[in-house]
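Colleague: I would like a close look at the cysteines of this protein and at the parts around them. Please take it step by step, for someone new to reading structures.

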Amino acid sequence: EDHFSEKRECAIDFWKNNAPDSRNGTYDAYLYRDDLADIFQTHDKAQPLFLYLPLHNVHGPFQAPEEWLNKYDVNSTCTHRRTYQAMVSVADNVTGHVVELLKKKGMWDNTILVVSADNGGAECSGSNHPLKGAKGTFYEGGVRALAFANGGLIPDKMRGKSTQGFIHIADWYTTFCKLAGVDPSDSGDGKFPVDGMDVWPIITGENSTTPHDEIVLGYNFEDTHLAQGAIIVGDYKLIVGPQASGCDSIMWSPIDYPCKDGSEGSDCRDYCLYNIVKDPQERDSLVEKEN
């Protein structure tokens, strides 16, 4: 939907709680930022707080307020990237506002803040350098998303470090439940077992490996869907079906894509297999080597 008008096609699609929000017309991230101040002002810090902030940045359509666009030089050959940079800056500004409010409220030392994308950059627009593929594919560029954790609960020894253990986005639900002392199970009639696992030991450095024996990335075996499925087991990822959907979707995109093009990779046929620990760029299919 439009970031300023909140319109999607012919209708306004903007809600607050259970009713339409009449504040449409303001850049959406600004509205969320303003609401944060009200939430923290009225919250009793003696009580636990779970806050989910699904910013629309940096999702299309590519739009940004003028004051943020002005921070970046005009590039007549790549105007799209300037807007993208401005949108990222807005997201950074709002995230920083959350941190400021938590510190002002005296809650930061007892907080874990997780910022996570839900997929890689989209074809035709986002760079997933140095990985292969884009959103909508099961290559690493489509499924290995950027994420980081911060807050006073992060041990000093882990600050500024990266982890190698695989984390699925569903794991955050289970991890947050465990931290809050809540049972994450969701079993019973008409319900399915929870797939997410507690990854707090990875974040604290107690364990460096994933608790998952396998991670199902997705599956769709309808005849009309080419990208049929993928699964990670140990260090290996099996992809079933071709992934290309047009517009550089299986490219190794350069860091300044789409201003510059990268090299196009070969696609899976029936299936392909990669060691994504030794070969995260997925340049050597082990299936092809066996054949």
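Modeller: A residue is called buried when its relative accessible area is under 20%, exposed when that area is over 50%, and partly exposed in between. The model is a predicted one. With those cut-offs, helix α5, residues 171-180, has these buried residues: Asp-171, Trp-172, Thr-174, Thr-175 and Cys-177. An α-helix has 3.6 residues a turn, so residues three or four places apart point the same way. The buried residues of α5 pack against β5 and α6, the latter covering 200-204. Just after α5 comes Gly-181, with a positive phi of about 75°.

Cys-177 leads on to the cysteines. Its relative accessible area is 10%, so Cys-177 is buried, because that value is under 20%. Cys-10 gives the opposite case: its relative accessibility is 78%, which is over 50%, so Cys-10 counts as exposed.

Now the bonded cysteines. A search of the whole structure finds three disulfides. Counted along the chain, the bonded cysteines pair in the pattern 1-4, 2-3, 5-6.

Take the link between Cys-78 and Cys-259, whose sulfur atoms lie 1.8 Å apart. This disulfide links distant parts of the chain, 181 residues apart. Cys-78 sits in the loop between α2 (66-69) and α3 (79-104), while Cys-259 sits in the loop between β10 (251-252) and β11 (263-264). The angle about the S-S bond is -85°, and the link is left-handed. The two ends fall in separate classes of accessibility: Cys-78 is buried at 7%, whereas Cys-259 is partly exposed at 31%.

Another disulfide joins Cys-124 and Cys-247, again with 1.8 Å between the sulfur atoms. Cys-124 lies in the loop between β5 (113-116) and α4 (140-143), and Cys-247 in the loop between β9 (236-240) and β10, so the bond ties together parts that are 123 residues apart in sequence. Here Cys-124 has a relative accessibility of 34% and is therefore partly exposed, since that value falls between 20% and 50%. Cys-247 is also partly exposed, at 37%.

The remaining disulfide joins Cys-268 to Cys-272, with an S to S distance of 1.7 Å. Cys-268 has a relative accessible area of 4%, so it is buried. Cys-272 is buried too, at 3%.

From the bonds we can turn to the empty space inside the protein. The search of the whole structure finds one cavity of 30 Å³ or more. The largest cavity holds about 40 Å³ of space. Its lining is made by Ala-122, Gly-126, Asn-128, Gly-133, Ala-134, Asp-248, Met-251, Ser-253 and Tyr-257. By type, the lining of the largest cavity has four nonpolar residues, four polar and one charged.

A pocket gives another view of the protein. The second largest pocket has about 360 Å³ of space. Its lining has 16 residues, and the closest to the centre are Trp-15, Lys-16, Asn-17, Tyr-32 and Asp-35. Two elements, β3 (15-16) and α1 (28-42), give two or more residues to the lining of this pocket. The largest share, four residues, comes from α1. By type, the lining of the second largest pocket divides into nine nonpolar residues, one polar and six charged.

Notes. Residues are numbered from 1 along each chain as its sequence is written. This is a predicted model: local features need pLDDT of at least 70, side-chain atom pairs count only at pLDDT 80 or more; totals for chains, interfaces and linings use all residues. Side-chain values use heavy atoms; hydrogens and water are left out. A disulfide is a pair of cysteine sulfur atoms within 2.5 Å. Buried means under 20% relative accessible area, exposed over 50%, partly exposed in between (1.4 Å probe, protein chains only). On a 1 Å grid over the protein atoms alone, a cavity is a set of points where a 1.4 Å probe fits but cannot get out, and a pocket is an open set with protein on both sides within 12 Å along at least five of seven lines; lining residues have an atom within 4 Å of a point. Grid points are joined across faces, edges and corners, and a volume is the space filled by probe spheres set on the points. Ala, Val, Leu, Ile, Met, Phe, Trp, Tyr, Cys and Pro count as nonpolar, Asp, Glu, Lys and Arg as charged, and the others, Gly among them, as polar. Contact means heavy atoms within 4.5 Å.
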